[in-house]
Amino acid sequence: MILEQIEGIIFKNRTKDQLIEDALASLSGLLADTFTGDDVNALKTEFPEGIQIEDIGVQLKAAVVYLNSKEFDVPSIEIAIDLVQEKTQFEIGTYSLIFDENCEQVDEILNLY
């Protein structure tokens, strides 16, 4: 019940699930460009050697609200998704979208390990 109340205050313009869907769609587009498109961001060499797009699984890591942050304007919301190699469950990295208080995307972060 309290979680629903908090979400009702924070996610006024878009629900948490909608922001997660946005992050997954954005990540899918980035991976498709990297592995089957023009790789405009030159990311393919950053992934483990020999990995293919179908080898990459995703898991929701967190939906975070920042009230104080050195990194982001506040308040802001981060949707973080872990990328894992399906066969080994080895974590490849984390992809995040950052949204402002109006649920407008303000940043995109990909950290590969």
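These are my notes on the salt bridges and one surface patch of this structure.

Entry 1, the model. I am working from a predicted model, so each value below is computed from predicted atoms.

Entry 2, salt bridges. I looked up how many salt bridges there are, and the count comes to 2. Side chains of opposite charge can pair when their charged atoms come close. I then went through the pairs by residue.

Entry 3, Lys 16 and Glu 7. Lys 16 forms a salt bridge with Glu 7, and I note 2.9 Å between the closest N and O atoms. I checked how each partner is placed with respect to the surface. Lys 16 has 25% relative accessibility and therefore counts as partly exposed. Glu 7 has 23%, so I list Glu 7 as partly exposed too.

Entry 4, Arg 14 and Asp 22. Arg 14 pairs with Asp 22 in a salt bridge, where the closest N and O atoms are 2.3 Å apart. Arg 14 is partly exposed because its relative accessible area is 27%. For Asp 22 I find a relative accessible area of 26%, so Asp 22 is also partly exposed.

Entry 5, the nonpolar patch. Next I looked for nonpolar side chains on the surface. Ile 2, Leu 3 and Ile 6 form a nonpolar patch there, and together they have about 310 Å² of accessible area. I located Ile 2 in helix α1, which covers residues 2–10.

Entry 6, Ile 2. Is Ile 2 buried or exposed? Its relative accessibility is 59%, and exposed means over 50%, so I enter Ile 2 as exposed.

Key:
Residues numbered from 1 in each chain as written. Predicted model: local features only at pLDDT ≥ 70, side-chain atom pairs only at ≥ 80, totals over all residues. Heavy atoms only, no water. Patch = residues over 30% accessible without salt bridge, like charges linked within 9 Å, V, L, I, M, F, W, Y side chains within 5 Å. Areas by Shrake-Rupley, 256 points an atom, 1.4 Å probe, with all protein chains shown as cover. Helix = DSSP H or I, 4+ residues; strand = E, 2+ residues; numbered from the N terminus. Buried < 20%, exposed > 50% of the residue type's maximum accessible area, 1.4 Å probe, protein only.
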